[in-house]
Protein chains: 6
Amino acid sequence: MPRPLHEPVDAALIPRFAGHSTFMRLPAVASAEGLDVAILGIPWDGGTTNRAGARHGPREVRNQSSLMRRVHHVTGIAPYERLAVADIGDLVVQPIDLMAALRQIEDGIAQVCAKGALPLSVGGDHLTTLPVLRAIHKADPGHGPLGLVQFDAHSDTNDSYFGDNPYTHGTPFRRAIEEGILDPRRMVQIGIRGSVYAADEHQWARDQGVRIIHIEEFARRGPDDVMAEVRALMGDAPAYVTFDIDGIDPSMAPGTGTPEIGGFTTREAQAMLRGLAGLNIVGADVVEVSPPFDIGGITALTGATVLFELLCVLAAGRAGQG
Amino acid sequence: MPRPLHEPVDAALIPRFAGHSTFMRLPAVASAEGLDVAILGIPWDGGTTNRAGARHGPREVRNQSSLMRRVHHVTGIAPYERLAVADIGDLVVQPIDLMAALRQIEDGIAQVCAKGALPLSVGGDHLTTLPVLRAIHKADPGHGPLGLVQFDAHSDTNDSYFGDNPYTHGTPFRRAIEEGILDPRRMVQIGIRGSVYAADEHQWARDQGVRIIHIEEFARRGPDDVMAEVRALMGDAPAYVTFDIDGIDPSMAPGTGTPEIGGFTTREAQAMLRGLAGLNIVGADVVEVSPPFDIGGITALTGATVLFELLCVLAAGRAGQG
Amino acid sequence: MPRPLHEPVDAALIPRFAGHSTFMRLPAVASAEGLDVAILGIPWDGGTTNRAGARHGPREVRNQSSLMRRVHHVTGIAPYERLAVADIGDLVVQPIDLMAALRQIEDGIAQVCAKGALPLSVGGDHLTTLPVLRAIHKADPGHGPLGLVQFDAHSDTNDSYFGDNPYTHGTPFRRAIEEGILDPRRMVQIGIRGSVYAADEHQWARDQGVRIIHIEEFARRGPDDVMAEVRALMGDAPAYVTFDIDGIDPSMAPGTGTPEIGGFTTREAQAMLRGLAGLNIVGADVVEVSPPFDIGGITALTGATVLFELLCVLAAGRAGQG
Amino acid sequence: MPRPLHEPVDAALIPRFAGHSTFMRLPAVASAEGLDVAILGIPWDGGTTNRAGARHGPREVRNQSSLMRRVHHVTGIAPYERLAVADIGDLVVQPIDLMAALRQIEDGIAQVCAKGALPLSVGGDHLTTLPVLRAIHKADPGHGPLGLVQFDAHSDTNDSYFGDNPYTHGTPFRRAIEEGILDPRRMVQIGIRGSVYAADEHQWARDQGVRIIHIEEFARRGPDDVMAEVRALMGDAPAYVTFDIDGIDPSMAPGTGTPEIGGFTTREAQAMLRGLAGLNIVGADVVEVSPPFDIGGITALTGATVLFELLCVLAAGRAGQG
Amino acid sequence: MPRPLHEPVDAALIPRFAGHSTFMRLPAVASAEGLDVAILGIPWDGGTTNRAGARHGPREVRNQSSLMRRVHHVTGIAPYERLAVADIGDLVVQPIDLMAALRQIEDGIAQVCAKGALPLSVGGDHLTTLPVLRAIHKADPGHGPLGLVQFDAHSDTNDSYFGDNPYTHGTPFRRAIEEGILDPRRMVQIGIRGSVYAADEHQWARDQGVRIIHIEEFARRGPDDVMAEVRALMGDAPAYVTFDIDGIDPSMAPGTGTPEIGGFTTREAQAMLRGLAGLNIVGADVVEVSPPFDIGGITALTGATVLFELLCVLAAGRAGQG
Amino acid sequence: MPRPLHEPVDAALIPRFAGHSTFMRLPAVASAEGLDVAILGIPWDGGTTNRAGARHGPREVRNQSSLMRRVHHVTGIAPYERLAVADIGDLVVQPIDLMAALRQIEDGIAQVCAKGALPLSVGGDHLTTLPVLRAIHKADPGHGPLGLVQFDAHSDTNDSYFGDNPYTHGTPFRRAIEEGILDPRRMVQIGIRGSVYAADEHQWARDQGVRIIHIEEFARRGPDDVMAEVRALMGDAPAYVTFDIDGIDPSMAPGTGTPEIGGFTTREAQAMLRGLAGLNIVGADVVEVSPPFDIGGITALTGATVLFELLCVLAAGRAGQG
């Protein structure tokens with residue numbers, strides 16, 4: 001039985017600046033019950049090693065998502081006609097105790113999964129992706145370690161920071177590999193760049209099988225060629241998509257904690273996102289939008305548009321399965 | 001039978017930056033049904049003669065109101081224990097056709113009044129107050145012309161602008177007097193200042209009996225003395241309170257369309273607002289918060305705090321009546 | 001008899017930050033009398049459906065145009081040696097009554113045309129282009145419906161907004177086609193992108209014959225190929241050029257009301273503008289520069305540079321005709 | 001024979017954001033011919049020891065002065081009915097060679113004086129006041145050394161900076177005393193504050209007879225008492241008024257090169273400026289408005305309002321003499 | 001034997017914008033060895049319940065402190081002639097693990113105390129004051145529980161947040177009382193304001209004997225009267241001074257995590273700080289300066305000036321003891 | 001004997017926001033003694049013809065350089081393992097007297113050269129490069145006139161400004177050619193664009209043999225081809241590299257005095273910088289970073305990254321020589 005669909009508020013009837021601010025101007029609902037995709041915020045940045053602020057990401061991405069409309073201009077996909085989607089609000093995560101926060105995030109996502117909905121979340125710093133992955137993995141351990149498509153300036157596979165802290169936004173994917181949640185041979189990181197701590201910083205990841213595509217390789221090959229490789233790597237098995245906004249150039253996404261010049265243009269990012277169509281995506285997120293460092297809301301707008309592109313990809317997948 | 005009360009989200013449990021943004025972190029409800037006070041936004045600035053932007057006021061006042069807590073630190077009033085209050089969202093007002101917009105606002109407020117709730121609104125430019133007054137007046141014509149307590153840098157009693165436009169944010173109170181909605185002898189305007197178009201610009205208002213207290217007179221007398229006069233003028237008859245944020249000094253409320261230096265400090269404004277306790281208030285608003293011209297959200301924060309002060313005054317009155 | 005030429009103030013003699021601010025530091029003159037090209041501002045944004053502010057566009061484009069010099073660095077064109085150009089100020093347009101404003105704009109442009117000058121205007125929102133086109137069309141109805149080269153993120157051929165408002169910045173070109181001012185088969189829109197309200201949103205325009213070039217097609221083909229098509233479409237017949245600043249990427253033009261990521265780079269925009277040389281241009285504009293949303297004046301600078309490129313194209317045409 | 005009067009553009013007819021930007025929306029005229037008061041800009045900051053930017057002051061004060069109207073709301077003075085006033089533009093001053101710049105400023109002011117007009121200038125840094133004073137003094141040496149009323153956070157009577165540079169914005173009044181232009185016994189400096197280089201930093205000035213009123217003394221006595229002393233000191237002899245915007249608190253005038261917390265409120269500043277009425281003022285200026293460090297134009301707005309207050313004081317004097 | 005004195009760089013010789021940025025342009029030294037007062041930064045905000053960013057406080061206060069000079073303009077105190085003062089850098093505190101961070105801060109301050117220097121620190125959020133107090137108390141337990149003079153908008157004596165987190169920037173002084181570090185009967189909190197969580201929120205503190213002076217009481221009595229009470233309360237016994245920048249009004253100190261309108265003016269704050277002279281101060285701090293939320297550096301400038309005032313008070317005390 | 005190497009502070013141990021701010025978090029040392037490369041600031045912008053502010057460049061580039069790590073992610077070069085590098089602070093240059101400032105800069109660089117270190121400086125405006133070149137040339141006149149690789153929007157080979165000022169940031173390379181310091185036939189300027197004062201503005205430079213590569217030629221050919229030409233032009237002879245940040249597009253480097261749209265992307269700039277490897281570089285600089293016009297520090301971040309790229313190129317050269 002098809003689930004009831006939700007429509008966003010129509011900006012041709014009610015101005016974009018009016019009304020409560022929700023993701024995509026969708027209804028705010030209390031839980032993921034009855035949803036195919038639950039959009040939610042994870043306002044937490046306790047794993048941040050430099051400039052905090054991603055805790056404010058969900059609120060501003062909501063605000064800027066009022067600029068989104070209903071149909072994708074290239075693919076023609078109308079996600080709200082295919083999927084039951086709504087805004088289930090923000091997870092309750094306290095900002096003081098890191099380990100407790102990780103549990104709160106995992107529990108929150110577990111409830112989404114328990115309702116049969118796919119979590120599409122807005123961070124938060126990149127450490128939030130670790131408990132999200134844990135919850136998705138636990139919800140259906142049958143599908144084995146997940147694939148990962150990661151758009152990012154940084155590999156985030158370091159071991160520890162500031163002595164022996166194993167949990168920071170620079171370490172989530174190392175932890176996820178160690179915990180057996182991710183399959184490193186089905187992990188691809190695109191857009192990696194910027195000076196590194198040590199010449200062998202990425203060696204551990206490479207040794208596990210992670211495919212690192214530096215921005216220079218990307219620039220040489222272009223989005224189509226790169227995404228063909230990504231699709232081949234992922235195949236039909238379950239994969240998670242994580243989009244760190246710092247993958248995009250700081251001129252287009254200045255509001256982030258660890259900017260690196262020379263990144264993707266938004267046009268390139270959009271081309272890659274559209275290239276995800278057909279993957280078996282079990283969850284996705286946009287992270288590291290940090291409003292205190294944003295300029296005129298441009299990063300939040302970029303984040304909201306990435307969110308819409310992800311939603312359309314999910315809807316494309318659903319159509320294929322329907 | 002007492003109406004069910006609503007509680008704001010507690011910032012000691014859920015961080016202020018989390019969750020959907022509503023006025024005072026109160027529940028968002030669909031209508032004024034069951035409410036004593038309905039907080040709502042009027043995102044419209046079509047009457048603005050210079051710098052538009054107050055259309056974005058409700059959204060940012062909502063965001064900054066997340067900094068408010070539950071009990072007034074001076075009076076000890078806990079408004080949510082005395083009044084059923086919630087956020088009923090924004091009125092739907094289109095930004096293109098001025099006359100249609102005035103009708104939409106009046107209709108929206110009429111629905112609030114019809115539920116027996118008192119409207120506490122956030123503008124929007126000052127012209128929004130005219131249709132609000134129309135609706136309140138029509139809802140209970142028995143109480144006759146209303147009194148008005150106006151905190152403002154400008155009298156807003158001009159006749160017309162740009163030729164013969166009778167409806168702008170510089171004219172609402174002239175229209176309301178002409179329409180018999182306001183009783184000019186029970187109107188007081190506090191904080192008026194700034195150069196004027198003509199030496200006799202305020203003569204019409206004075207001729208009707210409006211009491212204009214320039215900022216210089218206010219500075220000489222202080223809040224207590226001025227508010228004693230205000231209370232004497234208003235007596236027990238119904239009065240409306242309108243707070244134009246440009247009454248406050250631009251250093252403390254830069255985000256507004258027509259700033260005038262030399263205004264109230266927020267401390268003075270708060271003292272005056274507390275002096276409203278005991279009046280028979282039938283509605284109130286905060287207007288002219290213009291986020292595109294704001295700096296760091298300080299004007300929206302000031303607006304949110306004024307809103308909380310107004311709510312506590314309404315609650316004080318309710319207690320007196322209870 | 002050649003008309004007397006005007007020279008901009010020379011920044012190597014008088015610093016750019018000194019003196020009254022005019023377009024290109026040209027003389028401010030009272031009317032279009034004796035001019036080949038009249039640069040003027042249309043400070044009005046009453047057709048804006050979301051974020052107003054383009055009313056402040058002319059002032060800031062004037063300020064930033066102080067950075068322009070006298071000779072085009074690629075084409076070598078020295079426009080002020082070929083054309084009599086000056087700044088005739090802003091049209092007087094009141095911000096309250098939309099229908100009256102449209103008449104004021106049309107009348108103002110009619111006066112420019114009556115002097116035999118070509119109007120080169122700076123908006124204002126995109127609805128300003130409609131009365132400009134009306135005036136140009138009426139001034140010389142003999143040339144029939146005009147061609148249009150439109151650089152833009154949005155087609156602006158919707159039918160109505162907020163119920164039944166036929167005049168907004170999302171509808172001008174539908175109205176102009178309906179009114180017989182534009183020839184849809186000689187209309188080209190370049191850079192269109194962003195999510196749409198409905199899958200068939202552009203169908204009406206396409207049905208009339210409008211050529212819509214999405215940003216993705218543009219990115220594939222490049223400026224040279226696209227402009228060859230544009231020139232073929234326009235031929236020798238009269239054409240109007242309208243440049244909505246939101247055609248450019250928001251990182252390079254953030255100060256606009258309806259930003260869409262993934263737009264033109266300024267380099268691409270400049271290449272296209274230079275590709276206009278040789279067209280029979282009867283008027284041109286730059287619209288939707290919205291200073292309250294701008295960042296460091298970059299959008300106004302981009303707008304000023306577009307204005308200079310347009311002026312050089314006009315001068316190129318003049319030289320060809322001379 | 002009375003000189004022809006000029007009227008500012010009326011904001012109730014033409015919106016404030018429209019038209020070329022001039023001081024007070026007055027006509028831009030080519031010279032001081034026929035004027036009682038010539039408002040002009042001095043866009044130069046070559047004497048700045050820390051943060052440059054006052055070179056951009058005139059342009060932004062012009063922009064913000066569009067918020068001024070025609071009649072003073074307290075005194076009822078309508079300056080444009082009493083005085084022929086216009087905007088004569090900016091002096092041409094090059095930014096590279098300090099000594100040449102000082103000569104250019106002096107020459108420019110000399111031309112104003114030669115027309116019989118009183119110069120009311122907008123800086124520029126405080127060193128600009130020195131050549132202004134030189135020109136005024138030379139224009140009518142008969143009146144002897146001038147009195148000075150200086151609103152400022154700093155005494156600006158240091159001897160030299162960075163070795164042996166005698167001309168910086170920290171030294172103009174020492175030079176003017178040494179040159180016999182100012183009478184130190186008729187000099188008063190109000191609002192002085194902030195840490196000092198040395199315990200005896202102000203001793204030289206005090207030894208000459210300069211009256212220094214620190215902000216603490218001002219706060220104790222209030223504007224009325226202080227201005228009574230100022231008027232007594234100045235008497236009927238010619239005096240110059242210089243208003244360094246950094247006299248005002250940085251929360252109300254952040255856009256300046258050397259901010260010091262704890263300054264005047266604008267309300268206090270306005271009270272003092274009104275207390276100048278009756279003095280024999282031979283020239284006045286507002287200096288050190290530095291737009292690159294301003295926030296939302298608030299400092300330029302404050303500067304524009306100070307300019308209007310000064311103009312009304314000049315008009316009050318004229319009325320007394322008429 | 002007197003300790004060798006350090007001089008700040010002289011801004012009349014080397015411009016303020018030049019050179020490495022240190023507190024007050026003092027030498028950067030490796031440890032507190034040989035110092036009377038060690039100025040240091042504590043770049044940590046892990047106890048923040050809402051908007052993080054105070055971690056960046058030390059860097060920006062350093063930058064803005066380049067505007068300070070050498071002698072106090074009211075008291076004539078020249079601190080660098082009386083005290084050996086230098087900038088010992090920032091404590092190394094990692095941002096991930098709260099409990100480890102508290103230990104790092106305590107250890108760092110302990111090293112300062114072990115050298116016989118008095119710590120004058122710049123936060124960081126207000127929780128940093130707890131480990132500072134622990135270290136000072138342990139360094140000389142003989143002096144018993146300390147007195148506390150706290151300038152603040154908030155009492156910071158709550159019990160816990162987000163469930164059971166005992167350590168946040170809203171709880172440090174409750175913990176310090178419980179630990180016997182502070183003597184609640186010698187604690188005074190000045191400037192408290194803003195809505196509260198519960199009517200009895202401050203009851204625990206009052207029950208212990210803490211003296212809470214709300215902003216309203218302060219406004220009524222003025223700085224002199226309030227500081228007389230403070231001095232009487234403190235007597236000759238050791239006291240710590242903590243200055244939360246949010247005590248100051250948000251118009252003058254917007255860059256902070258939990259702004260409350262209606263606060264101290266800087267002029268009032270300076271008057272109070274000068275009233276501390278003569279107390280037996282064993283340490284002091286300025287906290288909660290949060291640069292990501294600051295505007296034009298004004299909060300950091302205010303923080304730097306408070307730091308200078310505190311230093312002069314310490315120097316005044318030293319002179320009295322010498 | 002190898003010189004002792006210096007290591008930057010490790011951000012995985014001490015957070016980036018902590019500690020004194022130095023270039024690359026390297027030690028601050030008192031002189032160039034013992035260094036291979038001395039990084040230094042030249043905080044002076046007295047040659048600026050429009051918007052000053054580059055005097056603040058060194059401080060903000062230092063701040064943003066805290067985001068740099070230790071190893072180049074493409075070349076694998078670890079500069080601190082190959083070269084002795086440190087931050088020797090800023091040259092002492094007074095802002096008032098231009099000719100004295102040029103001498104101070106030349107003297108400061110001469111001292112660096114005298115220690116055998118290569119100067120890598122951060123401006124300051126582009127006129128600072130002239131005295132730097134003078135000092136390098138004098139230090140070793142044996143190598144003859146230097147080659148120059150200039151990344152820039154402007155040729156900076158004009159003759160004079162504002163009458164007869166020969167020294168501005170628009171003239172340094174004309175002066176250097178005239179003085180025999182630069183060999184015009186080994187000079188290449190890349191990225192030149194923007195309208196020009198006169199059609200023959202660049203003729204003098206071309207006549208001397210300077211190779212000007214406009215942005216349009218660059219865009220056509222790409223970084224690899226252009227840099228091959230550059231390397232061929234430079235050969236093995238000594239060359240200086242100057243990077244004017246305005247060569248980069250204003251969306252990526254808005255904080256500069258004379259922005260021109262249509263510039264390099266940072267990705268293109270990085271590709272070119274890496275193409276410098278192998279040249280015989282005798283000095284390098286990054287100039288025209290102007291923090292007062294910057295947005296969110298992005299220009300300073302770009303400047304810091306350019307600095308790191310230059311350092312890696314110098315290290316690459318050193319390795320080749322080792």
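This passage describes the chain symmetry, backbone geometry, surface charge and salt bridges of a predicted model.

Because the model is predicted, local features are reported at pLDDT of at least 70 and side-chain atom pairs at pLDDT 80 or more, whereas totals for chains, interfaces and linings use all residues; side-chain values use heavy atoms, without hydrogens and water. Residues are numbered from 1 along each chain as its sequence is written, and chains are lettered from A, with ligands numbered from 1, in the order in which they are written.

Two copies of a chain are related by a rotation about an axis and a shift along it. Here, copies were superposed by least squares on the C-alpha atoms of residues with pLDDT of at least 70 in both. A turn of 120° with a shift of 0.0 Å along the axis lays chain A on chain F, with an RMSD of 0.0 Å. This is the relation of a three-fold axis. The C-alpha of chain A nearest the axis belongs to Ser251(A), at 3.4 Å. Chain C is likewise superposed on chain A by a rotation of 120° and 0.0 Å of shift along its axis, with an RMSD of 0.0 Å. In chain C, the residue that comes closest to the rotation axis is Ser251(C), with its C-alpha at 3.4 Å.

Secondary structure elements are DSSP runs numbered from the N terminus, with helices (H or I) of at least four residues and strands (E) of at least two. Cis peptide bonds are found in chains C and F. In chain C, the bond from Gly123(C) to Gly124(C) is cis, with omega near 10°. Gly124(C) is placed in the loop between strand E3 (118-123) and helix H4 (129-139) of chain C. In chain F, the peptide bond from Gly123(F) to Gly124(F) is cis, with omega near 10°, and Gly124(F) lies in the loop between strand E3 (118-123) and helix H4 (129-139) of chain F.

Positive phi values occur at residues that are not glycines. For Asp156(A), phi is about 55°; this residue lies in the loop between strand E4 (146-151) and helix H5 (172-178) of chain A. Asp156(A) has a relative accessible area of 9% and is therefore buried (under 20%; exposed is over 50% and partly exposed in between, with a 1.4 Å probe and protein chains only). Phe162(E) also has a positive phi of about 55°, and its place is in the loop between strand E4 (146-151) and helix H5 (172-178) of chain E. With a relative accessible area of 8%, Phe162(E) is buried.

Another buried residue is Ala38(C), at 0% relative accessibility. Ala38(C) belongs to strand E1 (residues 37-42) of chain C. Its C-alpha is 9.2 Å from that of Gly89(C), although the two residues are 51 apart in sequence.

On the surface, Asp97(A), Asp164(A), Asp97(E) and Asp164(E) gather in a patch of negative charge. Patches consist of residues with over 30% relative accessible area and no salt bridge, with like charges joined within 9 Å and nonpolar side chains (Val, Leu, Ile, Met, Phe, Trp, Tyr) within 5 Å. Areas come from the Shrake-Rupley method with a 1.4 Å probe, and for residues only the protein chains shown count as cover. Lys and Arg count as positive and Asp and Glu as negative, while His and the chain ends are not counted; the charge is placed at NZ of Lys, CZ of Arg, CG of Asp or CD of Glu. Within the patch, Asp164(A) is exposed, with a relative accessible area of 64%, and is found in the loop between E4 and H5 of chain A.

Over all chains, the structure holds 138 salt bridges (a side-chain nitrogen of Lys or Arg within 4 Å of a carboxyl oxygen of Asp or Glu). One of them is formed by Glu260(B) and Arg69(D), with the closest N and O atoms 3.0 Å apart. Glu260(B) lies in the loop between strand E7 (238-244) and helix H8 (266-274) of chain B, and Arg69(D) in the loop between helix H1 (57-64) and helix H2 (79-82) of chain D, so the pair joins two chains. Both Glu260(B) and Arg69(D) are buried.

In chain D, Glu7(D) and Arg70(D) meet in a salt bridge of 2.8 Å, N to O. Glu7(D) lies in the segment before strand E1 (37-42) and Arg70(D) in the loop between H1 and H2 of chain D, so the pair ties together parts 63 residues apart in sequence. Glu7(D) is partly exposed, with a relative accessible area of 42%.
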